[in-house]
Amino acid sequence: MGSISFDFDRKVALITGAGSGIGEETAMKFAENGARVMISDLKKDSCEKLLSRINDSGGEAIFFPCDVSDSGQVEALVAQTIAKFGQLDMACNNAGIEGEQGMTALSSEDNFNRVTAINTKGVWLCMKYEIPQLLKSGGGAIVNVSSIAGLIGFPGLAAYVASKHAVAGLSKTAALEYAESNIRVNAVCPGPIMTPMLKRLMETTPGFREQIIAGVPQHRIGSPADVANTILYLCAEQASYINGQCLAVDGGWVAQ
Ligand code: NAP
């Protein structure tokens, strides 16, 4: 895949769930394109490795651990970003979990609460604390990571599907609320992307990999870079008239 370049020189980007998969690739690409990056996740070890990769390649990044479902921790994450870098220009609210699989009537309340606390409340909390800082910067861009499960239903994943539809709604609403303040809010809706999350789902469901490849019109599983490139584009000046969109990055899945 060819690389796209953007001018994020000295801009500040915050990425949650940066210890793995889509978030890790997004953080790396922000740094490669000149941004100063706050990387956050629950996983200290993998973030510290990412930090070394970014700093070794001449980029600038810091790490702050944060559980996105905890209001105090999200507030501290944004405060730490400002304390270290002095501003915030872009945010990718990416942290998420798939939760347990099970039919609606058989799945647990605990699972529903956990999935929505991280995937939905987490995105809302991040925006709640990020937006005041973007306003102070004179504007900026937020990309929330939803899913094709935020656009269509998936049997066996009710809590996840509900949580990702909610991310689409939160993104559209914040886009309308802050459009006049020069803040754009979009969501990306990835299809199947080869990350630890998808690998876990493939391990628990025999034949899932083959089903996916057969089901995607382009007959391939996407890469974290497919999504990261889209996130960077949506944050860039080149996308300055794209707002309130939920963009599928899915090899054509939801076009069917
Ligand atoms: P991943 O490899 O599992 O990465 C997600 C990261 O988020 C992990 O490092 C995870 O840490 C972290 N995280 C989980 N709960 C958190 C919390 N409460 N606070 C902060 N960080 C937390 O998954 P991915 O595939 O890159 O997923 C990234 C996003 O893309 C998710 O929102 C996911 O729903 C979405 N997505 C993925 C796919 C796909 O096929 N991969 C498709 C559609 C949408 P732990 O590993 O410690 O839990």
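## Salt bridges

In this predicted model, R10 and E60 form a salt bridge, with their closest N and O atoms 3.1 Å apart. R10 sits in the segment before β1, while E60 belongs to strand β3 (residues 60-63), so the pair ties together parts that are 50 residues apart in sequence. How open are the two partners? R10 has 46% relative accessibility and counts as partly exposed. E60 is partly exposed too, at 32%.

The structure holds six salt bridges. Another one joins the side chains of E98 and R200, at 2.7 Å from N to O. E98 lies in the loop between β4 and α4, and R200 in helix α6, so this pair links parts that are 102 residues apart in sequence. E98 is buried, with a relative accessible area of 11%. R200 is partly exposed, at 40% relative accessibility. A further salt bridge runs between D226 and R220, whose closest N and O atoms are 3.0 Å apart. D226 is buried because its relative accessible area is 17%, and the cut-off for buried is under 20%. R220 is partly exposed, with a relative accessible area of 41%.

## Strands side by side

Start with strand β4, residues 90-93. Which way do its residues point? M90 and C92 point one way, and A91 and N93 the other way. All of them are buried.

Strand β4 has a partner in strand β1 (residues 12-16). Three bridges join the two strands, which run parallel. L14 stands opposite A91 in β4. Strand β4 also pairs with strand β5 (residues 140-145). Four bridges join this parallel pair. Here A91 stands opposite I142 in β5. A91 therefore faces L14 in one pairing and I142 in the other.

## Strand β5 and its next neighbour

Is strand β5 covered or open? Six of its six residues are buried. G140, I142 and N144 lie on one side, and A141, V143 and V145 on the other. Both faces are covered.

Strand β5 also pairs with β6, in the parallel sense, over six bridges. The bridge partner of G140 in β6 is I183. Helices connect these strands as well. β4, α4 and β5 make a right-handed β-α-β unit. β5, α5 and β6 make a right-handed β-α-β unit too. Strand β5 thus takes part in both units.

## The largest pocket

The general idea of a pocket search is simple. Rolling a probe the size of a water molecule over the atoms shows where empty space is left.

The largest pocket has a volume of about 1100 Å³. It is lined by 45 residues. Which of them lie nearest its centre? They are G96, I97, E98, Y160 and M197. E98 is also the partner of R200 in a salt bridge.

Several helices help to build the lining. α1 (21-32), α4 (109-136), α5 (158-178), α6 (196-204) and α7 (208-215) each supply at least two residues. Which helix gives the most? It is α6, with five residues. By type, the lining of the largest pocket divides into 24 nonpolar, 14 polar and seven charged residues.

## The second largest pocket

The second largest pocket holds about 340 Å³ of space. Its lining has 18 residues, and K11, G140, R184, C235 and E237 are the closest to its centre. One of these, G140, is the residue of β5 that has I183 as its bridge partner. This lining divides into six nonpolar, seven polar and five charged residues.

## Two unusual backbone angles

N182 has a positive phi of about 70 degrees, although it is not a glycine. Where does N182 lie? Its place is in the loop between α5 and β6 (183-190). N182 is exposed, with a relative accessible area of 52%.

H219 also has a positive phi, near 50 degrees, and is a residue other than glycine. H219 lies in the loop between α7 and α8 (224-235).

Key
Residues numbered from 1 in each chain as written. Predicted model: local features only at pLDDT ≥ 70, side-chain atom pairs only at ≥ 80, totals over all residues. Heavy atoms only, no water. 1 Å grid on protein atoms, 1.4 Å probe; cavity = no way out; pocket = protein on both sides within 12 Å on 5 of 7 lines; lining within 4 Å. Points joined across faces, edges and corners; volume = space filled by probe spheres on them. Nonpolar A, V, L, I, M, F, W, Y, C, P; charged D, E, K, R; others polar. Buried < 20%, exposed > 50% of the residue type's maximum accessible area, 1.4 Å probe, protein only. Right-handed = clockwise from strand over helix to strand, strands pointing away. Salt bridge = Lys/Arg side-chain N within 4 Å of Asp/Glu carboxyl O.
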